[in-house]
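Student: I am new to this structure. Please take a close look at one part of it, the patch of positive charge on the surface, and set it in its context.

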Amino acid sequence: MQLFLNEGLSKPQIMKEIGIRSKSAPERWAREYRVGGAEALAPTRRGRRPKPAKPAYATREE
């Protein structure tokens, strides 16, 4: 996004420089940036949540 805003490069120039082939990704990034700012482009956690830690005791008697 900084290449577009600060250096004034066009989308095709940015795509060539970064090595992106799909036109939809930069368009989506620009839309998300306009709506939510730089925080919208921050990586988000994906996948399953980690399992809770097991208790310190290993058997029922403990």
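Tutor: What follows describes the chain first and then the patch.

This is a predicted model, in which local features need pLDDT of at least 70 and side-chain atom pairs count only at pLDDT 80 or more, while totals for chains, interfaces and linings use all residues. Residues are numbered from 1 along each chain as its sequence is written, and side-chain values use heavy atoms, with hydrogens and water left out.

The chain has three helices and zero strands; helices (H or I, at least four residues) and strands (E, at least two) are DSSP runs, numbered from the N terminus. The mean pLDDT, the predictor's confidence in each residue from 0 to 100, is 80 for the chain. Helix α1 (residues 2-5) has the lowest confidence, with a mean of 68, and α3 the highest, at 86.

The patch on the surface gathers Lys11, Arg28, Arg31, Arg34 and Arg46. Patches are made of residues with over 30% relative accessible area and no salt bridge, like charges being joined within 9 Å. A salt bridge is a side-chain nitrogen of Lys or Arg within 4 Å of a carboxyl oxygen of Asp or Glu. Lys and Arg count as positive, and the place of a charge is NZ of Lys or CZ of Arg.

With three residues, helix α3 (residues 24-36) gives the most to the patch. Arg46 is in the segment after α3 and counts as exposed because its relative accessibility is 74%; exposed means over 50%, buried under 20%, and partly exposed in between (1.4 Å probe, protein chains only).

Helix α3 also holds Trp29, which is partly exposed at 34%. Trp29 and Leu41 are twelve residues apart in sequence, and their C-alpha atoms are 7.0 Å apart in space.

Terms used: Patch = residues over 30% accessible without salt bridge, like charges linked within 9 Å, V, L, I, M, F, W, Y side chains within 5 Å. Areas by Shrake-Rupley, 256 points an atom, 1.4 Å probe, with all protein chains shown as cover.
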